[in-house]
Amino acid sequence: MPKIFVSRTLPPRAQALLRSQPDCIVVQWEGEEPVSSDRLLQEVKDGVDGLLVMLTEKIDEELLDAAGSRLKVVSTMSVGLDHINKPACQARGVLIGNTPDTLTAAVAELTIGLLIATGRRFAEAARAVMTGEWPKWSPLWMCGSQISGKVVGIVGLGAIGVAIGERLRGFGVASIIYSSPNPKPTASASISATHVPLPTLLSTSDIILLCCPLTPATRHLISTKEFAQMKPSAIFINTARGPIVDQAALVQALRNGTIAAAGLDVTDPEPLDPSSDLLKLDNCLVLPHIASATLETREEMARVAVENVLAGVRRRPLTAQVL
Ligand code: DGY
C-alpha cells in the first residue's frame, strides 16, 4: 500500500477525507509546531510515496535524495512554491501539487482590509484609544489616506492580483496599472489595468500592492532604489512573500518618510522577531501571515492538498498540478 506522510493535522473535513482512504497508509505529524527538518528527513528515509506538506517544510535536494525513487508526489497546502525546489523535483520525476484558486478571495479580502487599516492608521488610532491619548475631535488628528481616486499599482498580475483589482474597482480608484515580466491582456482586461514597467509603476502609484511569487528573480525586487522611486505619500502593501522586499530598506524608507506607510502580512523571517525595527514604527502595520486564514479557505486548501497527494500516489492526474 502507498504510504503518505502528512506534516500537520488538517482542518476537520480534509482530515476525515485523508483518514478515510482504505488503500493508503497515512503517517501524520500531529504537533502544533511544524515537524523538524531532521524528523521529516527520517520519515522520508523510512520510505514514502507521497508527502503532504505546508509552506514551513523545505523540500530540497537533500530531502529528495533521502526519499529516493519511491517518492512520487509532493503536495503542498499552499499556492506559494518557494519552499520547494522545483527543478530538483522535476529532475527526479516527482510531481508537485498546490492549491491555487482556493485562497484567491480570502487573500484579496485581507489585502483590501490591510490596505484600509494601513492607509487609515487603524493600529495607531486604536492604540491612542487604549492609552488615553484620544484628544477631542480635531480636523487633522489621525488623518490618513483613502482609496477612492487613487492610482493603484499591482506588482504581479496573477489570480490574486486580478481579484484585488476587481474589488478595488468598487472603491472608485482612478486607475489600475500593473507590472509583470510580460503583459497579460486577458487578465488585465477584466480590471481595465494597464501594463507598465516596474519603475513607472513605482513612481506613479499612490498604492502599491505586491502580488508576485517569490522566485530567484523577485528576491529583494523592492529595495532602496525602488523605495526611492515611490511617492512620499505611497502606501505599500505586501501580502505575497517577505523576501521579495529588502526589509532593512523598507525600515529606512518608513523612518525617513520616503514612503508614507506599509502594511505587511508577510515578513522575512517568519515569525518576525518581536524586537524587529518594523514593529517600532507607527507607520507600519504587520500581520502574521494570515491572508488565507479563513476556515472556509483553509478547508478548501487542505481538501485540494489531500486530493493531490492521493492522486499522485495512485499515479492519477492531480487536481492542481504544478509539474
Ligand atoms: C500560500 O498559500 O502560499 C499562502 O501564503 C498561505 O497563506
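Me: Is Ser-75 buried or exposed in this predicted model, and why?

Reply: Happy to walk you through that one. The general idea is to count neighbours: a residue is called buried if 20 or more other C-beta atoms lie within 10 Å of its own. Ser-75 has 31 other C-beta atoms within 10 Å, so Ser-75 is buried.

Me: Which element holds Ser-75?

Reply: Ser-75 sits in strand E4, which covers residues 73-76.

Me: And which residues does Ser-75 touch?

Reply: Here we leave out residues up to four places away in sequence. Ser-75 then touches Gly-50, Leu-51 and Leu-52, as well as Gly-97, and also Ala-305, Asn-308, Val-309 and Gly-312. You can also compare sequence with space: Asn-98 is 23 residues from Ser-75 in sequence, and their C-alpha atoms are 5.9 Å apart.

Me: Let's turn to the chain. What share of contacts joins residues at least 24 apart?

Reply: Take the contacts between residues at least 6 apart in sequence; 66% of them join residues at least 24 apart. As for burial, 43% of the 323 residues count as buried.

Me: How do I read the radius of gyration?

Reply: Set it beside the value for a compact globule. With 323 residues, that would be near 20 Å, and the protein chain has 21 Å, so the two agree. Along the principal axes, the C-alpha atoms fill a box of roughly 70 × 45 × 35 Å.

Me: How many helices and strands are there?

Reply: The protein chain has twelve helices and twelve strands.

Me: Which feature does UniProt place at residues 5-322?

Reply: The unreviewed UniProt entry gives "domain: D-isomer specific 2-hydroxyacid dehydrogenase catalytic" there. Over residues 5-322, the chain is 36% helix and 14% strand.

Terms used: Residues are numbered from 1 along each chain as its sequence is written. This is a predicted model: local features need pLDDT of at least 70, side-chain atom pairs count only at pLDDT 80 or more; totals for chains, interfaces and linings use all residues. Helices (H or I, at least four residues) and strands (E, at least two) are DSSP runs, numbered from the N terminus. The radius of gyration is taken over C-alpha atoms; the globule rule is 2.2 Å times the number of residues to the power 0.38. A residue is buried if 20 or more other C-beta atoms lie within 10 Å of its own, exposed if 12 or fewer, and partly exposed in between; C-beta atoms are placed from the backbone. Two residues are in contact if their C-beta atoms, placed from the backbone, lie within 7 Å. UniProt positions are given in the numbering used here, feature names are shortened, and annotations may be inferred rather than shown by experiment.
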